[in-house]
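Load the model in a viewer and keep the selection panel open. The stops below say what to select next and what is there.

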Amino acid sequence: MNVPRRRFLLSASSALLAAGTFGCNGFRQPYRLFDAKQAAILSALCEQIIPTDDTPGAAWAHVVKFIDRQLVYHYQNLGSTYRNGLISLDRAAIALHRAAFEALPFDTQTVLVAKLEVGEIAAPDWPADAQRALFRAVRAHTMQGYYGDPRHGGNREMIGWRTLGLPHPPVRGRDDYRFPKERSAQSGNIAVTSEARP
Amino acid sequence: MKSYDAIVVGAGAGGGIVAKELATAGLHVLLLERGKWVTPFDCRKDDLANQRSSLLSAPYGPDEARSPRVLVTPDGQARTIRVRDGGYNNNAACVGGGTASYGAMAWRFMPQDFRMRSIYGSVEGSTLDDWPVSYDDLEPFYEKAEYEIGVSGDVSGDPFHGPRRKPLPMPALPPTLEHRTLEPALLRMGLHPFSIPMLRNSVPYGGRPPCMRCRWCVGFGCEVDAKAGTQNTVIPIAIQSGHCELRTESICKEITVDEGGRATGVVYFDERNRRQQAQAALVVVSAAAVESARLLLNSKSKLHPNGIGNRHDWVGRNLQGHAYSGASGIFAQEVFDDVGPGASIAICDYNHGNPGLVGGAALCNEFIRLPIQTINSMPPGVPSWGKAHKDFMRRFYRHHLSFRGPTQEMPSFDSRVQVDPKVTDFWGIPVARMSGGKHPHTLEIADAMCVKAEAILKEAGAVEVWHTRAGRGLSGGQHQAGTCRMGNDPKTSVVNRYCQVHDADNVFVIDGSVHVTNGGFNPVLTIMAIAYWASDYIKREWKGTRFRGA
C-alpha cells in the first residue's frame, strides 16, 4: 500500500493532464481543478456533511462546483489539502473496505467521515492532522457552498435558504436580485416563491 | 511638497468628523484613507464576503495581499495572519471606516463608565483607571453626534442612562418579533427594556431616506443610505466646504518631526504607490486602535526614539474590545420575522451594580443572523455535520434568538500592539504585531452575563437555552480601543484630555485608541463624541495659520 511519493505525484499529475486533454477534445470539463474521480469522492464526502433527505443535499446543490471554484480564487492555499486528502481517503477506503469511497454504502461512509473528523482513520501514509485538516475544510466549505450565496457556484436554486424557510427575493422590496444565469434563462422570473416550503 | 493646515490620517468614525469640523472652520485639511470609497453597489449583499463574515474576502478592506499582521498566540508563537482570519482584528479600511458597514448601535457610555477606578477600585493585573473627561464634559458632544450623524431609538424606558438635554432626534423603528417576544418577559422580571439607539434613519433625516428593514444590515453597506456613517454625512460636508482634500488608497508611513520634536507632516504612499510627503501644522491620527498605535510606533526620530508619544512605553498598550457573551435559546414558536436590522431591544440593568463584579454589559438581542452565520451557533450536543445538523438548521433557524452583550473589558497592560521587527507590508512598512489576551476578571463578568441572559430567555419561554461564552483570546476587532490612552499624567498615558499627544503638542490621536476603558457598549458614538470634543478644542486653539499647544 506504500506508494512512493514521486510515483504518486506522477500519477496524480498525469490524471490531471488526462482530464485537461479531455477538455480540449471538446468534452465538457465541468471543473477547474478536480478530475472526475476526485469530484466523485468529494461529492460523496459533501453529501455526508449535508445529506439528501426529503430536501436535496450538498451534491445536488453544486457544493463541489463551489469548492472547485474557490480553490482557484479565494482558497488557493488549500488546493493540495483537497487533492492529496481526497486521494488518501479513497486509498483508505479501498484498503479498509475494498471499494472506492464514493461506492461505499452511505452508513459506511459516515463511519469513515466520523473517523476523519478526529484523525483516526488507520492509514499508514496519512497523518492525523492532515485528516483533520481535510475534514475541517470540507465541513466549512460544504456549509458555505450550501448555505452561502449562489453567485459563488453553490446553493443551487437557493436550496440552502429555501430549506430554512427564508423568503425571496432576499432583499425586501427588491426584485432585481442577481440569479444564476441558467436559472433566469429557464424561468425568466422568480418562481421559487410558489413552491411549498420544505 | 504640498502644505496643509491639518492632516487627518484615517477617514473613519473619528477622522471623518475631525475633517469636517476643521474644514468647515476654514482649516485646509488633507484627509488620508488607506482604503477605497466603497459603495454598497461595489460590495453586493454577499453572505460569504462582508464585514461580518469575511469567509471569501473582506470587501470593506484592507487589501488582503498587501496588509498582513502578526499575531502572537498565548503559547508565544508568532504567525503572520491574513485579513480574513479571525485574529486579524479587522476594522474595515474604506471611507467611513467601520461606519460604512457596521450594525450602527449608538450608545452613550454611562457616567460610571468614565469613573471605573473611582467606583470599583483597582483590579489586580489590570490598568483600570478613570477617564480624564467626564460624562458631563462629553454630553453636549454626544448630543451633537446624535443630531449631526442621526440617531433613532427610544431610551426613555432606560432609567440608567446619564442625564441628557434633548431626546434622540428620531423615533425608534417599530419593534421586531424578537423584541416583542422578549419585552414582556423583561418587564415581568422587573428589568427595563427599551429600543436600542441606532445610527439609522427611522424617518427621513439629513437628506437620506428611512430604513427599508432589509435582512442585510450588520456587515453590509446600506443600499438606501438609511444607515448613517461618516461616509454619507460629515465627509461629504467636509469635501463640499472646499477645504478638505480626500485621498483614498493612501497609506501613511510615518509622521515626520522637526528638531524640536514637533510634527511637520507625514510620509505616505499614494494610490499608485508613489512615495509622497505632505506638510502640515498639525497631524491627527484617526486610524483605529491597532493602526494608530502602529503609525505612532513607526514614527521614530531622534527625540522620539521609540515612536511618537511612546516615551513611557504606553503606545499600543491596553488593546481592548469587548468580551461578547450571553445566551441563545430555541422557542417553540417562530421568533424570526426577517425584519432588519434585527437588533431592537436592550437592557442596561446589568451594566453596573453587579455584586462582586467590576462593571458589566448592556444586553441586546442580536442582529439578523444569516444562515451561514448560524451553522456554528448550535446548542451543545448537536452534531456539527450530517443529517442531524441539517435537521436542526431547518427546525432551528426561525425559532432561535440570541441575547448577548459587549462585556466591558478590564484593560490589560500586556494586551498590546507593537510593530513587528521582521514582517513588513506591501509598502515596506513594519506591520502591527498583536499579543496578549483577556484579563481573567473580564471572563468572570462575561460568564455572569451568560447567566443573566439565560434567565431572561427562560422567562421569555425558550424551550432550550445555552450560554454563548466569550473567547479567552485578545479582543480588538471592530470595537478596538485603548492603545493610546487618554490621561492627565504623561507617565501613564499617551494623550491628554483633548487627545493631544503629551510630548508632541501638534499631534492628536482621535479615535477609539484614547479610550481608557471601553464601556459595556458598542463604542462608536463615544468615538464620535470624542472627535467633536477634540475638534472643538483644536478650533479654539487654532491661531490663524498655525497651531499652538496649550
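In what order do the strands of the open sheet of 7 strands in chain B lie? The order is β5-β6-β12-β13-β14-β11-β17, with antiparallel pairing. Two strands count as paired if DSSP finds at least two bridges between them. Helices (H or I, at least four residues) and strands (E, at least two) are DSSP runs, numbered from the N terminus.

Before going further, note that this is a predicted model, in which local features need pLDDT of at least 70 and side-chain atom pairs count only at pLDDT 80 or more, while totals for chains, interfaces and linings use all residues. Residues are numbered from 1 along each chain as its sequence is written, and chains are lettered from A and ligands numbered from 1 in the order in which they are written.

**Stop 1: the sheet of chain B**

Select 152-154 and 464-468 of chain B. These are β5 and β17, the edge strands, each of which pairs on one side only. From one strand to the next, the twist averages 30°.

Next, select 345-347 and 363-365 of chain B, which are β12 and β13. The two strands run antiparallel and are joined by 2 bridges. Ala346(B) is the residue opposite Cys364(B) in β13(B).

Now add 440-459 of chain B, helix α9. This helix lies across β11 (323-330), β13, β14 (400-407) and β17 of chain B, and runs at about 25° to β11(B). Axes here are lines fitted to C-alpha atoms, for helices over the stretch in contact, and angles run from 0 to 180 degrees between N-to-C directions.

**Stop 2: a hairpin in chain B**

Select 251-257 of chain B for β8, where 5 of the 7 residues are buried. A residue is buried if 20 or more other C-beta atoms lie within 10 Å of its own, exposed if 12 or fewer, and partly exposed in between, with C-beta atoms placed from the backbone. Extend the selection to β9, residues 263-269 of chain B, which runs antiparallel to β8(B) and is joined to it by 6 bridges. Glu254(B) faces Val267(B) in β9(B) as its opposite residue. The hairpin has 5 residues between the strands, and Gly261(B) takes a positive phi near 90° there.

**Stop 3: Thr492(B)**

Thr492(B) sits in the loop between β17 and β18 (507-509) of chain B. Is Thr492(B) buried or partly exposed? It counts as partly exposed because it has 13 C-beta neighbours inside 10 Å. Leaving aside residues up to four places away in sequence, Thr492(B) touches Trp314(B) and Gly487(B); a contact requires C-beta atoms, placed from the backbone, within 7 Å. Arg540(B) is 48 residues from Thr492(B) along the chain, and their C-alpha atoms are separated by 27 Å.

**Stop 4: the helices of chain A**

Switch to chain A, which has 8 helices and 0 strands. Of its 198 residues, 35% count as buried.

Select 63-72 of chain A to show α3. In α3(A), 8 of 10 residues are buried, among them Val63(A), Phe66(A), Ile67(A) and Leu71(A). The buried residues of α3(A) pack against α2, α4 and α6 of chain A.

Select α2(A) and α4(A) together. Two packed helices are described by the angle between their axes and the distance between the axes. For α2(A) and α4(A) the angle is about 75° and the axes are 10 Å apart. The pair is therefore roughly perpendicular, a label covering 65 to 115 degrees. Gln38(A), Ile41(A) and Leu42(A) in α2(A) meet Arg83(A), Leu86(A), Leu89(A) and Asp90(A) in α4(A).

**Stop 5: from α6(A) to chain B**

α6(A) has 20 residues and reaches 28 Å from its first C-alpha to its last. Its buried residues include Leu134(A), Phe135(A), Val138(A) and Tyr147(A). They pack against several helices of chain A, including α2 and α5 (106-118), together with α7 (371-374) of chain B.

Finish with both chains shown. The contact takes 25 residues from chain A and 25 residues from chain B. On the side of chain A that touches chain B, α6(A) gives the largest share, 4 residues.

Notes: Contact = placed C-beta atoms within 7 Å. Expected span 1.5 Å × (residues − 1). Parallel < 35°, antiparallel > 145°, perpendicular 65-115°, else oblique.
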